[in-house]
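Q: Please take a close look at one part of this structure, the place where two chains meet. A connected account would suit a reader who is new to it.

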Amino acid sequence: MISKNIRRVVVTGMGAITPLGNTIKEYWEGLIAGRSGIDLITQFDASLHICRIAGEVRDFNPYDYLERKDVKHISRFAQFGISASLQAIADAGFEINDSNATQVGVIVGNGMGGLYTVEEQEKVLLTQGSKRCSPFTVPMTIANMAAGLIAIYTGAKGPNFCTVSACAAGGNAIGEAFRSIQLGHALGMICGGTEAVITPLSIAAFGSAKTLSTANEEPTRASRPFDRDRNGFVMGEGAGILFLEELEHALGRGAKIYAEIVGYGLTCDAYHMTAPTPSGEGVMRAMELALKDGGIFPNEVSYINAHGTSTLANDAIETLAIKKALGDRAFQIPISSTKSMTGHLLGAAGGIEAVATVKSVALDLIPPTINLEQPDPNCDLDYVPHKSRTQRVDVALSNSFGFGGHNVSLAFKKFELGVRSY
Amino acid sequence: MTQQDIFNTVQAVVAKELANEQQKITLDANLIQDLGADYLDLIAMFQTLEDTFNTKIPHREAKQLVTVQQIVNYINQKVFI
């Protein structure tokens with residue numbers, strides 16, 4: 001645990017590209033309305049795949065954000081990351097200029113980088129030969145390129161990094177950015193996750209691992225976290241970005257403050273490549289560490305945005321872990337899985353879910369878990385089924401877990417001016 | 001193929017690869033200074049020119065071609081003369 005003689009960090013800007021819409025407003029309104037962003041896959045012919053549904057980003061126009069020349073040579077995952085980052089900076093009313101550029105950084109994670117480019121260029125290699133592979137293959141593929149390009153587009157010259165921890169990557173990015181500001185390495189950080197791998201290979205590979213829902217006939221009902229009849233996750237794509245800022249700096253420029261980020265817990269199961277520890281121990285410890293980091297007692301937690309993938313294993317084990325981490329209080333805490341509406345954005349999930357969590361803290365409004373019709377007996381907490389709920393949210397956790405046993409929990413708190421209480 | 005035909009084809013390839021408006025691809029346009037090409041853009045563009053004209057443009061020769069006029073002349077000499 002690091003020293004508490006450190007800086008406070010607040011959220012002053014947000015941006016999102018999601019299956020529910022390509023602005024924060026559209027995304028949030030979709031969540032609160034309980035609208036599903038899941039439909040049949042249109043980006044490739046999925047007719048022969050066992051999973052034919054996904055949460056695709058629709059009506060995204062990269063020319064709204066990128067230089068015309070760049071659109072062709074920047075992968076979709078990086079395009080989403082750049083776009084959401086520009087939204088977040090604009091939302092924060094923050095100008096990166098010569099006097100502050102080295103004090104602003106970028107940490108944006110993803111799970112699989114430019115997989116689409118890998119698949120396309122593999123075809124070129126096999127059919128046309130090695131000399132016909134695009135010189136842009138590497139920069140369009142490597143996972144860190146979103147963070148690098150966001151820096152190019154915004155001018156942020158401070159700490160720059162890409163977390164690659166599967167479906168925990170977005171959460172890790174926000175946590176690491178939080179630490180960068182706490183420790184005085186930056187005054188502002190663009191952070192979150194971005195992903196775009198609704199591709200033939202990715203859908204086939206996750207399908208082979210029996211992790212994807214095959215409820216192809218009813219796309220909007222396919223993602224059903226905590227429901228007895230859930231049968232896998234539905235893949236989504238997009239980006240969720242926060243602009244984190246050192247408190248005094250934010251106050252000094254009169255920035256609006258959505259929430260304070262106060263805790264970051266990260267652990268590893270050290271158990272299995274894809275399955276969580278049956279005891280939920282790793283997930284439990286991530287939440288406990290986030291609470292301890294933020295000086296939060298279990299009875300102060302008022303909302304949890306669950307990882308809630310809609311897979312058999314995750315939802316029951318996350319439920320068990322929440323009970324272990326929060327004791328009896330677990331039964332009184334509203335919990336929701338917004339993946340029921342967006343699908344699972346893999347490395348971007350932690351980004352868009354942190355956005356939802358911060359909005360809940362700021363607005364005292366909790367998005368629902370849709371499609372929760374017949375609760376699994378092993379999932380017996382308050383998952384806010386069907387409809388959003390107006391309820392005061394003082395402290396909220398956002399959970400993200402990834403293949404490899406990576407577990408992240410972030411703690412956000414309603415911002416109050418004055419002496420820090422933790 | 002006439003010199004004009006070559007230019008028209010080169011113009012279309014350059015416009016596509018460098019994401020420029022076709023009318024900006026004049027004979028005297030400099031690929032880097034006027035059309036904003038960088039190192040990777042040029043490699044991709046010469047790959048497409050090779051495919052389009054069914055020829056080889058060695059890297060050391062491609063590096064000497066910095067204007068649209070030079071490309072047109074090169075293609076004309078190598079492929080059509």
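A: What follows describes the contact between two chains and then one helix of chain B. The model is a predicted one.

Eleven residues of chain A and 16 residues of chain B take part in the contact. The size of an interface is often given as the accessible area lost when the parts come together. Between chain A and chain B that area is about 1,100 Å², and carbon and sulfur atoms give 46% of it. On the chain A side, 51% of the buried area comes from A:K69, A:R132 and A:P135, more than from any other three residues.

Charged groups also meet here. Five salt bridges are counted between chain A and chain B. One of the residues just named, A:R132, forms a salt bridge with B:D51, and their closest N and O atoms are 2.5 Å apart. The side of chain A that touches chain B is made up of five charged, four nonpolar and two polar residues. Seven residue pairs between chain A and chain B are in polar contact, counting pairs with both residues at pLDDT 80 or more.

Within chain B, helix α4 covers residues 68–80, which is 13 residues. From first C-alpha to last it reaches 17 Å, close to the 18 Å expected at 1.5 Å a residue. The buried residues of α4(B) are B:V68, B:I71, B:V72, B:Y74, B:I75 and B:N76. An α-helix has 3.6 residues a turn, so residues three or four places apart point the same way. The buried residues of α4(B) pack against three helices of chain B, namely α1 (3–17), α2 (39–53) and α3 (59–62).

Key
Residues numbered from 1 in each chain as written. Chains lettered and ligands numbered in written order. Predicted model: local features only at pLDDT ≥ 70, side-chain atom pairs only at ≥ 80, totals over all residues. Heavy atoms only, no water. Helix = DSSP H or I, 4+ residues; strand = E, 2+ residues; numbered from the N terminus. Expected span 1.5 Å × (residues − 1). Buried < 20%, exposed > 50% of the residue type's maximum accessible area, 1.4 Å probe, protein only. Contact = heavy atoms within 4.5 Å. Buried area = accessible area lost by both parts, 1.4 Å probe. Salt bridge = Lys/Arg side-chain N within 4 Å of Asp/Glu carboxyl O. Polar contact = N/O pair within 3.5 Å; in protein donor to acceptor, adjacent residues only side chain to side chain. Nonpolar A, V, L, I, M, F, W, Y, C, P; charged D, E, K, R; others polar.
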